[in-house]
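Subject: Structure for your files

Hello,

Here is the structure I said I would pass on. My notes follow below it.

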Number of protein chains: 4
Amino acid sequence: MEFETQEEAPLIREPLRRVGITNLRSVAKINWKGKVYTFLPLFEVTIDLPAEKKGIHMSRLVESITGAISEAVEEEVMEAHTSLEELGRCIIKRLEEKHPHRRAEVRIKTHLIIPRKTPASGRTSYEPYDVEVAIIKNEDGSFEKLLRVKVTGNTVCPHAMANNNGKTHIQRAIGELEVRAPFEVEIPLEEMVDVVEGSFSSPTYTLLKTPDENAVVRRMFENPKFVEDVAREIFSKAKERFKGKIHVRVVSQESIHKHDVIAETWS
Amino acid sequence: MEFETQEEAPLIREPLRRVGITNLRSVAKINWKGKVYTFLPLFEVTIDLPAEKKGIHMSRLVESITGAISEAVEEEVMEAHTSLEELGRCIIKRLEEKHPHRRAEVRIKTHLIIPRKTPASGRTSYEPYDVEVAIIKNEDGSFEKLLRVKVTGNTVCPHAMANNNGKTHIQRAIGELEVRAPFEVEIPLEEMVDVVEGSFSSPTYTLLKTPDENAVVRRMFENPKFVEDVAREIFSKAKERFKGKIHVRVVSQESIHKHDVIAETWS
Amino acid sequence: MEFETQEEAPLIREPLRRVGITNLRSVAKINWKGKVYTFLPLFEVTIDLPAEKKGIHMSRLVESITGAISEAVEEEVMEAHTSLEELGRCIIKRLEEKHPHRRAEVRIKTHLIIPRKTPASGRTSYEPYDVEVAIIKNEDGSFEKLLRVKVTGNTVCPHAMANNNGKTHIQRAIGELEVRAPFEVEIPLEEMVDVVEGSFSSPTYTLLKTPDENAVVRRMFENPKFVEDVAREIFSKAKERFKGKIHVRVVSQESIHKHDVIAETWS
Amino acid sequence: MEFETQEEAPLIREPLRRVGITNLRSVAKINWKGKVYTFLPLFEVTIDLPAEKKGIHMSRLVESITGAISEAVEEEVMEAHTSLEELGRCIIKRLEEKHPHRRAEVRIKTHLIIPRKTPASGRTSYEPYDVEVAIIKNEDGSFEKLLRVKVTGNTVCPHAMANNNGKTHIQRAIGELEVRAPFEVEIPLEEMVDVVEGSFSSPTYTLLKTPDENAVVRRMFENPKFVEDVAREIFSKAKERFKGKIHVRVVSQESIHKHDVIAETWS
């Protein structure tokens, strides 16, 4: 006989908003515009728990993930998903057959590699970005998505430049853009990356031959920007391009300080 | 002549909510109930930036921190603060004299070491906790605080115990409690730590002699708890004890899985 | 005209052992036993720098990586590598054509997902492992490899079990095994993973239905092990199976303490 | 009756080199040159385990730490240690009375805050550094120490500067210096910090008013350095000043790339 302790009444009758599994590393295959990409993302899947049940059945959440992605582990792709969002929604659909809930959330964190052309020599440079896609099923059955990208760029201090005849301090900066929108709204992660990457003093590149490096240096000096300027440009472009709630956070890893500076805003 | 680029008009006229310095490690001395404790916290200080100014004067934020804590670095304490909250508010007061703003926020992250008695031998064991104190000055001039504690405990699976004649799996779990309240409400961090620590299957101890270890093992087996049970108990006790907005998050680092399980809720 | 500052004589005439690029995220496709697997690893590539040269040409190291993997980014695999080791060696071969050096090293860090059968229900569970492969070209032209796996398992305290009539504390533990051997010696990463995973009180699984969970609990209680026991078993099996220099490190994330315990040894 | 499982014979007769506790956060008070400083370090204490014993008694290691530091938690310092090295040795001495061993090691990781004068305005700026002190008792009874400092500075690319009429890219860099020496050799951590900090294109400061910022910018442009130059200068100065085995590692967080560059060498 098997006890289902989860179905018992808990001592403390308090509903919980998010119960589930997190930091689960697995495989995902995405067929995006005709090409198949493989990822090894971190997954988080949570559902709400009503006041009268002691616990959720965690293994059913795992089964929803592995069901949705299992084809992807084998080389011959049976059923590649068309986007990380679609994979997230597919996990929730499988969850509906397995575990009752009113609210559900799937979060998928991975890296995206996008080929770019270097600014002078035109070589191909493969650029990595951190992305996170969350699919949220609300209590009314509506679906939302929360998309996040994290891009490495730079800031060039205009204040130091004004006070030092064009000399200044320069540093790596990290820009994060988050958009929350109804599931149906089309918001390509690549476009979000472009918005952030284009808002720094210059984009950064994995591969830079000397003429490329020179072009980046010139661009940086022509484009001095405070961390505030970068945040404003991302925010303003994102509001124009993407329908949804926008959150922007830029951290500049100052080369003259041991600490960082930050600019953050949201709609 | 010195240029104040920060005072210029920006290209993009967009107010920003949080601009400042982050990840700044410094010293703080707190005279709490007659004893002086020294910390090496991480500070974050941010203010809002109006649409018509290009940037903030970052160095004035640093001066507000170092002004407030400078006495603390020398051994002879001139003016120890009475709590981390009071230090946070003191930084904001100094900021008011240095930099115009409508909204300001100070975040202080540190470790707290609290002496405990071990459960059987009654020895003293020094227990470390992660704490974060944020002081927020709102646009209407009111002050709020956001207090966070992070406590290491454990969960003991009641489902496995029911199905295996008392045998089960046990693991480390991390409980986080956050309370947001008006500045004046008294909420000792130590009490928040107690609420979280007392909600696990058992508290954990740095020092455990064999009789203490036995007492902890017995307590764990008498107190099987899902991550859901721990979250509910923290949430229910916190709502009863602390006036404010409560957020609870518990992550159990499963010993039978490679991933974690999570329970989270908020008021 | 282009200056090659790297070729100048440095002020301080000191040879350097390892100069290069690190934390570079890119793509790798590996055709292992007839199936193609995609990874998004972190790369580090370093070479030595003689006393009389100011610097190395960093972009040539990047080109050696992107050259070796560039085919892999496109869906149609032109030339998948047969192992991470072979990819590492291939990067060094390209480096030989691009940049003079006497010593070179390529490090590739990624996750490996291996399908397993759960212990009772026989379901497929996809298990993630952290792996690192380093290929070292020595000054005499010989090639070595350094293989590392990191596996999540558990420990079950035999001391507490003896003192509490079979009750005890259990926790997640992390086992790391490193083998350094000549390049030619065949040491499959999967076999290294097996050695570590089989040395815990029980292996862990991503998916566990109730009968599987019961089997894991039973196995854990039949197999109480100190962190020392796990380290010894890994070390002893590794010495028997793998020809090379062995390093073992096991960290047990104690459920009764806030700190960890560790056992480490090497040949 | 209490079972001492640790004293039993293990199944696998293999001596282990390092067994103990790690990631234990506690308090330390150090009376250095007449002033008392408080730290909240992470401790690791390990001893060797002979082939014929199943385990070590972990709680005795904890007692050696808490014994050595317990006075330090109370405000009135009874017996502050004169340095982190002396505290480490004191922990080993207490360990000698508690647990037989042939080899022992204590590692203490903390932050150090050192007051500096800013380069133009002469204000006091409190600078944080990561330090680690390890005390090693060898099998022959001799004592060694391993000292590590980690300092945040910057690099200014001389190659880009030569090719862009003085314009270049600048970035934060992290320099690490490690010295291993007999216990008796006097090597102040502050001097190690100075060696690293003085080898960057410029030191960094927590507080910089505009004239200070200008001085740092000027200094950076007068001192262009590759990561290789920084590593060489640290290595060369360290060999001259400190008797012992030297290890240097510098990582430059490139502002034009998403990855880092590294230079490393050792004696």
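C:Ile262 has D:Gly20 as its bridge partner in S1(D). The model is a predicted one, and that pair belongs to an antiparallel pairing of S10(C) with strand S1 (residues 16–25) of chain D, which spans 5 bridges.

The strand pairing is part of the C/D contact, in which 42 residues of chain C meet 42 residues of chain D. On the chain C side, the elements that each supply at least two residues are strand S1 (16–25), strand S4 (42–49), helix H3 (158–163), H6 and strand S10 (260–266). S1(C) provides the largest share of that side, 9 residues. Sorted by class, the side of chain C that touches chain D holds 19 nonpolar, 12 polar and 11 charged residues.

Now the contact between chains A and B. Chain B contributes 42 residues and chain A contributes 42 residues. On the side of chain B that touches chain A, two or more residues come from each of strand S1 (16–25), strand S4 (42–49), helix H3 (158–163), helix H6 (227–241) and strand S10 (260–266) of chain B. S1(B) gives the most, with 9 residues. The class counts for this side of chain B are 19 nonpolar, 12 polar and 11 charged.

Strands pair across this contact too: strand S1 (residues 16–25) of chain A runs antiparallel to S10(B), and 5 bridges join them. Within that pairing, A:Ile21 has B:Val261 as its bridge partner in S10(B).

How are chains A and B related? A turn of 180° with a shift of 0.0 Å along the axis lays chain B on chain A, with an RMSD of 0.0 Å. The two chains are therefore related by a two-fold axis. Both copies use the same surface, since 100% of the contact residues of chain B recur in chain A.

Last, a helix pair inside chain C. Helix H4 (residues 189–197) and helix H6 (residues 227–241) of chain C pack at an angle of about 150°, and their axes are 9 Å apart. Because angles over 145 degrees count as roughly antiparallel, H4(C) is roughly antiparallel to H6(C). The crossing of H4(C) past H6(C) is right-handed. H4(C) makes the contact through C:Glu191, C:Val195 and C:Val196, and H6(C) through C:Ile234, C:Lys237, C:Ala238 and C:Arg241. By class, this helix contact has 4 nonpolar, no polar and 3 charged residues.

Regards

Conventions. Residues numbered from 1 in each chain as written. Chains lettered and ligands numbered in written order. Predicted model: local features only at pLDDT ≥ 70, side-chain atom pairs only at ≥ 80, totals over all residues. Contact = placed C-beta atoms within 7 Å. Helix = DSSP H or I, 4+ residues; strand = E, 2+ residues; numbered from the N terminus. Nonpolar A, V, L, I, M, F, W, Y, C, P; charged D, E, K, R; others polar. Pairing = 2+ DSSP bridges. Least-squares fit on C-alpha atoms with pLDDT ≥ 70 in both. Axes fitted to C-alpha atoms, helices over the stretch in contact; angles between N-to-C directions. Parallel < 35°, antiparallel > 145°, perpendicular 65-115°, else oblique. Left-handed = near helix turned anticlockwise from the far one by under 90°.
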